[in-house]
Amino acid sequence: MGRFAFYGQGLPAVEPGELKGKLVVVEGTDGVGRSTHVGLLREWLESRGHAVLDTGMTRSALAGKGLKAAKEGHTLGGVTMSLFYATDFADRLENQMIPALRAGFVVLTDRYTFSLMARATVRGADAQWVKRVYEFALKPDIIVYLRATVDELVTRVMQTSGFNYWESGMDLRLGEDLYDSYVAYQTRLLGVFDSMADEYGFHVVDTAASIQDVSDQIKELVEPMLSAA
Amino acid sequence: MKTYGKHRFPGRLFVVEGIDGSGKSTQLALLEKWLESEGYGTFFSEWNSSALVRGVTRRGKKKKMLTPMTFSLIHATDFADRTEQHIIPPLKAGALVLADRYVYTAFARDVARGVNPGWVRNLYQFAVKPTIAFYFRISVEQAMTRIVGGRDAISYYEAGMDRGLSGDIEESFRLFQGRVVDAYDEMVKEFGLVVIDASRSIEEQQAEMRAIVTKALTGARKTRIRRWVDLHSMAKASRQLNQAS
C-alpha cells in the first residue's frame, strides 16, 4: 500500500500504490501570486536535488488550445466551461502528473481541482455534482492555499494586468463593470475556497507579507513532506 | 444547476438511442418530417455537434490521444454545450427537440470502456430528462450488415480499438459493441427507455414511434414557423421556387 489514494472512484487502470514522487499543490485565486511562488518553489526544490514537473491549467496537449479558443468567444456556458476544464485536468493528470509521479518526480501544480470546483460552484453548479466529477483526482501530499483579501487582490491587479473578463466573472453579470464584477466574483470565490480549507486540509498562507516571507513560509510547509517516506 | 428530472419546459424532448447501424437516425428523420407536416416546430440536435468542443474531440480521436476518462469528459463537455445552447433554449420556447443520441450513449460506451457507471451518471446530472427515449435494439451482427461502407467505415474508437480487445477491427467492433448493447439493455429499466425492435421494417418501426409520440404531444405548441431556425430549408425552398418560375 503506497501513500497515494484517489478522492473517490479513481482512474480506470491506475494503481495509486505504484506511484512514488510527491504531489505539491499551490492553490489560490486569480492574481494572488501563485505563479511567482510556484517559480520560487521550483528553483528551491531543484537546488535541493529534486526533479520537478510543473503543470497548470490549460496546459494539456488534448484540450488546452481548444479551451483557450472557447474562452475567446461569448457562448461558453458555465457547465460547458467546468467540464472543459475537467477534461484538461484529466489529460494532465493521466499524461503528465501520474507518469512523473511514477518516475519519482516532485509534481508541482499551479492550481489543482479546487480552483475548478470553486469556479463551477460560483457559477451555480450543484456542489455534490462538482465533488463527484473530480473524485478521480489523486489526493495531494500537500495543498498550499495562498490567501489574500479582495482589497489586496484589487491593488495587485491594478499594478499588473488590469481587470479581465473571466477573472472578473463577467459571464455571471454580477456588476455593471469589470471592477464591480471583479469584487463580487472574487468575494464569492474566496468564500468557496475558505469553505474548502478544512474539508481538504489546506495549509493557508496569508500573502499580505513580502514575497520573500511568503516564499519562506511555503518552503517551511513543504520541507517536512519531502523527507517523509 | 437543475439536475436530471427537475427541469420543467413547455417543449418536448424526443431522443433516439442505439448502436451504429440500428437505423435510429433514419427513424428520427422520418419522425421530424411528420412532426413538421403536423405543424410543430422542431429542432434537431446530434451527438458531437458542439462548435466549441468538436475540434478537440476530432483531434483527440485522430491522434489517438483519448483515454477512457478523457473520452468520457470531452463528450460530456460537448453535450453540456449542446444542452446550454441548443436543447434548453428551444425547450423553453416550446419546440420539439429531437436528439440523435443522448446521455445513454455516453453511459453505454463509457461503461463498456471501464469507466465507473455511477461516476458517469453523475457527470451528466445537468442533462434534461427526455420526454421519451427510444432505444433501437438490434444485434451486433445485424447492425454490421447495415453500416454503409462496410469495414472501412468502422472508426477506431467506435470499434473500441483503444481497449485492445482484438487487432482485427471487425472483431474488435463485434466485441466492443456487444458490451455496448449489454450496457443499453441494462439501462432499459433504469431509465424507462422505450424499446423498438429495430429488426422489423422501417415502416413498422416508424408507425410505432409515431403512435407513442402522439400521446406525448397533448398540449404541445404548434407553430407556423416550420422549424426553429432553419436557414437551410428556407434557402432550399427559395431555390425550388426559383427553379419553378
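Q: Which residue is the bridge partner of A:Arg147 in S5(A)?
A: This is a predicted model, so let's start from its strands. Strand S4 (residues 142-147) of chain A pairs with S5(A) in the parallel sense, over four bridges. Within S5(A), the bridge partner of A:Arg147 is A:Asp206.

Q: Which strands of chain A stand at the edges of the sheet?
A: The open sheet has five strands with parallel pairing, in the order S2-S3-S1-S4-S5 (chain A). An edge strand has a single partner, so one of its sides is left without a neighbour in the sheet. In chain A, that describes strand S2 (52-56) and strand S5 (203-206).

Q: At about what angle does helix H1 of chain A run to S3(A)?
A: Helix H1 (residues 34-47) lies across strand S1 (22-28), S2, strand S3 (106-110) and S4 of chain A. Taking S3(A) as the reference, the helix runs at about 170 degrees.

Q: Which helix gives the largest share of the side of chain B that touches chain A?
A: Here 29 residues of chain B are in contact with 28 residues of chain A. The elements giving two or more residues to the chain B side are helix H2 (54-62), helix H3 (68-92) and helix H5 (117-123). That side divides into 15 nonpolar, 12 polar and two charged residues. Its largest share, 11 residues, comes from H3(B).

Q: Which elements of chain B do the buried residues of H7(B) pack against?
A: Helix H7 (residues 169-191) of chain B has 23 residues and reaches 31 Å from its first C-alpha to its last, close to the 33 Å expected. Its buried residues include B:Phe173, B:Phe176, B:Val180 and B:Tyr184. An α-helix has 3.6 residues a turn, so residues three or four places apart point the same way. The buried residues of H7(B) pack against strand S1 (12-17), helix H4 (103-112), strand S4 (132-137) and helix H6 (140-146) of chain B.

Q: Is B:Lys64 buried or exposed?
A: B:Lys64 sits in the loop between H2 and H3 of chain B, and has a positive phi of about 55 degrees although it is not a glycine. A residue with 12 or fewer other C-beta atoms within 10 Å is exposed. B:Lys64 has 10 such neighbours, so the label is exposed.

Q: How many other C-beta atoms lie within 10 Å of B:Asn48?
A: B:Asn48 is in the loop between strand S2 (42-46) and H2 of chain B. Its phi is positive, about 60 degrees, although B:Asn48 is not a glycine. B:Asn48 counts as partly exposed because the number of other C-beta atoms within 10 Å is 16.

Terms used
Residues are numbered from 1 along each chain as its sequence is written. Chains are lettered from A and ligands numbered from 1 in the order in which they are written. This is a predicted model: local features need pLDDT of at least 70, side-chain atom pairs count only at pLDDT 80 or more; totals for chains, interfaces and linings use all residues. Two residues are in contact if their C-beta atoms, placed from the backbone, lie within 7 Å. Ala, Val, Leu, Ile, Met, Phe, Trp, Tyr, Cys and Pro count as nonpolar, Asp, Glu, Lys and Arg as charged, and the others, Gly among them, as polar. The expected span of a helix is 1.5 Å times one less than its number of residues. A residue is buried if 20 or more other C-beta atoms lie within 10 Å of its own, exposed if 12 or fewer, and partly exposed in between; C-beta atoms are placed from the backbone. Two strands pair if DSSP finds at least two bridges between them. Axes are lines fitted to C-alpha atoms, for helices over the stretch in contact, and angles run from 0 to 180 degrees between N-to-C directions.
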